[in-house]
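Visitor: I am new to this structure and should like to understand the terms used to describe it. Might we take them one at a time, with the reasoning behind each?

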Amino acid sequence: MADQQRPGGFARRVADIEPFRVVEVLARATALAASGRDIVHMAAGEPDFATAAPIVEAGRAALARGETYYTQAAGIPQLREALSAYYAQQYGLDISPRRIMVTPGASGALLLISALLMNPGDGMLMTDPGYPCNRHFLRLVEGRGQLVPVGADTNYQLSAELVAANWQDNTIGVLVASPANPTGTVLDRDALSALAAEVRSRQGYLVVDEIYHGLAYAVETPSVLELDPDAFVINSFSKYFGMTGWRLGWLVAPEAAVDEMEKLAQNLFISQSTMAQHAALAGFEAATRDILDERREIFRQRRDFLLPAVQELGFKVPSPPQGAFYIYADASRFTTDSQAFCMQLLEEHGVALTPGLDFGHHLSARHIRFSYTTGMERLELAVERLAGVLR
Ligand SMILES: Cc1ncc(COP(=O)(O)O)c(C=O)c1O
């Protein structure tokens with residue numbers, strides 16, 4: 001094998017896929033905690049709450065009944081129907097269960113959609129900063145994430161104007177998340193509608209990652225399907241439903257894509273976790289929804305505490321987060337090396353944060369992400385520790 005063709009002896013795509021920098025922070029945080037240090041964990045991108053008891057119980061019951069076999073590739077019919085009913089209830093949408101496919105997390109949905117849409121060399125516009133795996137999924141299928149720097153002027157989202165200005169000959173569509181990771185910002189109805197119209201006018205695909213729906217605070221989060229029935233939607237049981245470790249998500253595809261999508265799912269996954277699918281059914285029961293909605297309220301309280309607190313410390317947050325559980329903060333006053341800054345805050349002050357470098361290239365060395373995925377007392381302690389060093 002010619003080595004230039006195979007950096008490190010492996011396929012070229014591997015060299016283009018960047019690791020999560022936060023892993024270094026998390027590994028060090030774990031080591032420090034094991035050595036007896038008290039670490040406030042604000043780096044993780046998952047709810048701190050364990051999966052709600054009725055969901056766990058439904059999973060247990062499924063195992064006890066012997067639900068241990070493969071299911072249909074697109075998911076068990078009951079779950080696809082429950083999701084269809086969820087779209088009717090949440091958004092007033094009539095989505096046929098046939099268009100809904102259960103996937104191994106939003107990650108599995110991203111992989112299927114990337115495989116369905118991309119030819120080698122094709123590109124998709126996406127925000128910088130943004131969720132890093134998106135561009136890596138595209139790279140995996142020999143496509144390209146075309147990163148568009150965004151800031152407070154567009155609420156850290158792609159606008160119709162940015163799409164028009166950045167569309168290239170090889171661009172086939174747009175992939176956005178609302179609410180977004182790492183910024184928590186939301187595309188409101190007008191912005192989403194304008195974005196959809198711009199993409200449609202270019203015969204492009206619109207993919208919207210709605211994984212943080214259900215975790216928005218005092219703002220409306222319209223589904224793109226209310227505005228563009230041909231869009232692709234990615235969603236998951238990980239965040240609002242609090243099931244990260246169960247690895248279950250879903251996608252909604254236009255009718256014309258359903259058969260091809262199912263073929264891909266059969267080949268790539270055979271089926272999704274059977275136990276997790278039966279467990280997830282309990283997520284739609286009223287008693288479970290009450291638990292999940294209470295948790296949303298707790299996240300909102302944490303955000304309402306943490307946002308002014310980090311601003312007071314000297315971080316800038318020009319677009320306040322409207323959902324998810326993150327604050328993406330401009331740390332320019334303190335650093336131009338977010339990775340070193342995060343390591344220093346961890347080593348010397350016991351606070352674990354995520355460096356902006358994980359979310360792209362645009363000003364990322366000057367930004368950090370706070371996750372409010374720990375209890376209020378711990379957040380207060382983190383702010384106290386940071387105040388001690390930064391003020
Ligand atoms: C924006 C976004 N999309 C997708 C994912 C993947 O989620 P999962 O595969 O757990 O559903 C995440 C996880 O943090 C995310 O933040």
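Guide: Let us begin with a single residue: Tyr 156 lies in the loop between strand S4 (144–149) and helix H7 (160–166). Please bear in mind throughout that this is a predicted model.

Visitor: Why is Tyr 156 called buried?

Guide: A residue counts as buried if 20 or more other C-beta atoms lie within 10 Å of its own. Tyr 156 has 22 such atoms, and therefore it is buried. Its phi is near 55 degrees, a positive value in a residue other than glycine.

Visitor: Arg 247 also has a positive phi. What makes Arg 247 partly exposed?

Guide: Phi of Arg 247 is near 60 degrees, and the residue belongs to the loop between strand S7 (232–236) and strand S8 (249–252). Exposed residues have 12 or fewer other C-beta atoms within 10 Å, buried ones 20 or more, and partly exposed ones fall in between. Arg 247 has 17, so it is partly exposed.

Visitor: Which residues does Ala 276 touch, leaving aside those up to four places away in sequence?

Guide: Ala 276 touches Gly 59, Trp 246, Arg 247 and Leu 248. Ala 276 is part of helix H10. With 23 other C-beta atoms within 10 Å, Ala 276 is buried, because the cut-off is 20 or more. Between Ala 276 and Trp 246 there are 5.7 Å in space, C-alpha to C-alpha, although they are 30 residues apart in sequence.

Visitor: Why is helix H3 called oblique to H10?

Guide: Helix H3 (residues 53–64) packs against H10 at an angle of about 135 degrees, with the axes 7 Å apart. Roughly perpendicular covers 65 to 115 degrees, and roughly antiparallel begins over 145. The angle belongs to neither class, so H3 is oblique to H10. Their crossing is right-handed. Among the residues that meet there are Gly 59 of H3 and Ala 276 of H10.

Visitor: What makes H4 oblique to H10?

Guide: The axes of helix H4 (residues 77–91) and helix H10 (residues 274–281) cross at roughly 40 degrees and come within 9 Å. Roughly parallel requires an angle under 35 degrees, and roughly perpendicular runs from 65 to 115. The crossing fits neither, and therefore H4 is oblique to H10. Gln 78, Leu 79 and Ala 82 of H4 make the contact with Gln 277, Ala 280 and Leu 281 of H10. This crossing is left-handed.

Visitor: How do you know which strands are at the edge of the sheet S9-S12-S11?

Guide: That open sheet has 3 strands with antiparallel pairing. Strand S9 (326–330) and strand S11 (354–355) each pair on one side only, and these are the edge strands.

Visitor: What makes S9 and S12 a pair?

Guide: Pairing requires at least two bridges, and 5 bridges join S9 to strand S12 (residues 367–371), so the two strands pair. One example is Ala 329, whose bridge partner in S12 is Ile 368. Helix H11 (residues 286–313) lies across S9 and S12, at about 10 degrees to S9.

Visitor: How do you know whether the protein chain agrees with a compact globule?

Guide: For 391 residues, a compact globule would have a radius of gyration near 21 Å; the protein chain has 21 Å, and so the two agree. Of its residues, 47% count as buried.

Technical notes: Residues numbered from 1 in each chain as written. Predicted model: local features only at pLDDT ≥ 70, side-chain atom pairs only at ≥ 80, totals over all residues. Rg over C-alpha atoms; globule rule 2.2 N^0.38 Å. Helix = DSSP H or I, 4+ residues; strand = E, 2+ residues; numbered from the N terminus. Contact = placed C-beta atoms within 7 Å. Axes fitted to C-alpha atoms, helices over the stretch in contact; angles between N-to-C directions. Left-handed = near helix turned anticlockwise from the far one by under 90°.
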